Amino acid sequence: MRGRPHTNGVPMTPPGLPMETERLILRPWRDSDLAPFAALNADPEVMKFFPEPLGRAESDALAQRVGERIEAEGFGFFAVEVKGGPDFIGMVGPSVPGYGAELPCGPCTEVGWRLSRAAWGKGYASEAATASLAFAFDTLDRDEVVAFTAVQNERSQAVMGRIGMIRDETCDFDHPLLPEGHRLLRHVLYRISRERWEAIRSP
Ligand SMILES: CC(C)(COP(=O)(O)OP(=O)(O)OC[C@H]1O[C@@H](n2cnc3c(N)ncnc32)[C@H](O)[C@@H]1OP(=O)(O)O)[C@@H](O)C(=O)NCCC(=O)NCCS
């Protein structure tokens, strides 16, 4: 992708990447991810809990921003590949939201996910999200990771529960980037502390 930092003409890969799980590879983005990313961003079912599906230009611009943050900061919403294919099923990873100061938890590290519909129902989101928690705690040395989504997004909240996060009901909030009265305004917040992560992680 454009703007990628290079060493002697070879694209730099941030430390800790690619990251492998039993079935998946979490890695920096490639140009070949753009078309399947645009397809999932155009799917109304995938985008049901976002303001609206994205067109090709918006999807490419999002991939560019996400890819550049990984290159600049060493982490972000990683591209997710299934070992043996498909080469790209979506994005999952730790990220620091730019509007963190406006969240009830304050500045934070979140973990987020968006997968193509064909990749749902296989445990891939939870598997990649667990690896992302490990990255946040072990590589980024965070003390806590949060996740948040629209109140109505039960599938996303089920992922949060499966990976050991706990809803903080005192922290429901109105998303700072959505206008008053928007159908997705109200959000829930889940948390996992380092202490809990260390207690539940596999040996
Ligand atoms: C949120 C999202 C990633 C969740 O995907 P998902 O497939 O429901 O979640 P997982 O990958 O953890 O899969 C869990 C399901 O796979 C099933 N499964 C099948 N094989 C499995 C395996 N080997 N291991 C674990 N689970 C498995 C589980 O039983 C569960 O099924 P269920 O939903 O019928 O109970 C997906 O719905 C999505 O991309 N949504 C659109 C984007 C979005 O809303 N993102 C969040 C915004 S904050």
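**Exercise 1.** Leaving aside neighbours within four places in sequence, find which residues Leu133 is in contact with.

*Solution.* Take two residues as in contact if their C-beta atoms, placed from the backbone, lie within 7 Å. Then drop the neighbours of Leu133 within four places in sequence; Val111, Val145, Ile163, Ile192 and Trp197 are in contact with Leu133. The coordinates come from a predicted model, in which local features need pLDDT of at least 70, side-chain atom pairs count only at pLDDT 80 or more, and totals for chains, interfaces and linings use all residues. Residues are numbered from 1 along each chain as its sequence is written.

**Exercise 2.** Determine how many residues the largest nonpolar core has and which of them have the most contacts inside it.

*Solution.* Call a residue buried if 20 or more other C-beta atoms lie within 10 Å of its own, exposed if 12 or fewer, and partly exposed in between, with C-beta atoms placed from the backbone. Join buried Ala, Val, Leu, Ile, Met, Phe, Trp, Tyr and Cys residues through C-beta atoms within 7 Å; each joined set is a nonpolar core. The largest such core has 44 residues, and Phe78, Val80, Val92, Ala128, Ala129 and Leu133 have the most contacts inside it. Its largest share, 9 residues, comes from H3.

**Exercise 3.** Check the span of H3 against the expected value.

*Solution.* Helices (H or I, at least four residues) and strands (E, at least two) are DSSP runs, numbered from the N terminus. The expected span of a helix is 1.5 Å times one less than its number of residues. For the 16 residues of H3 this gives 22 Å, and the end C-alpha atoms are 21 Å apart, which agrees. The buried residues of H3 include Tyr124, Ala125, Thr130, Ser132 and Phe137.

**Exercise 4.** Describe the residue Asp141 that follows H3.

*Solution.* Asp141 lies in the loop between H3 and strand S8 (144–150). Its phi is positive, about 60 degrees, although Asp141 is not a glycine. With 8 other C-beta atoms within 10 Å, Asp141 is exposed.

**Exercise 5.** Characterise the shell around the ligand by class.

*Solution.* A residue is near a molecule if its C-beta atom, placed from the backbone, lies within 6 Å of it. The ligand is surrounded by 19 residues, the closest being Trp120, Gly123, Ala125, Ser126 and Thr149. Strand S7 (110–115), helix H3 (124–139) and helix H4 (154–162) each supply at least two residues of the shell. Count Ala, Val, Leu, Ile, Met, Phe, Trp, Tyr, Cys and Pro as nonpolar, Asp, Glu, Lys and Arg as charged, and the others, Gly among them, as polar. The shell then has 8 nonpolar, 7 polar and 4 charged residues.
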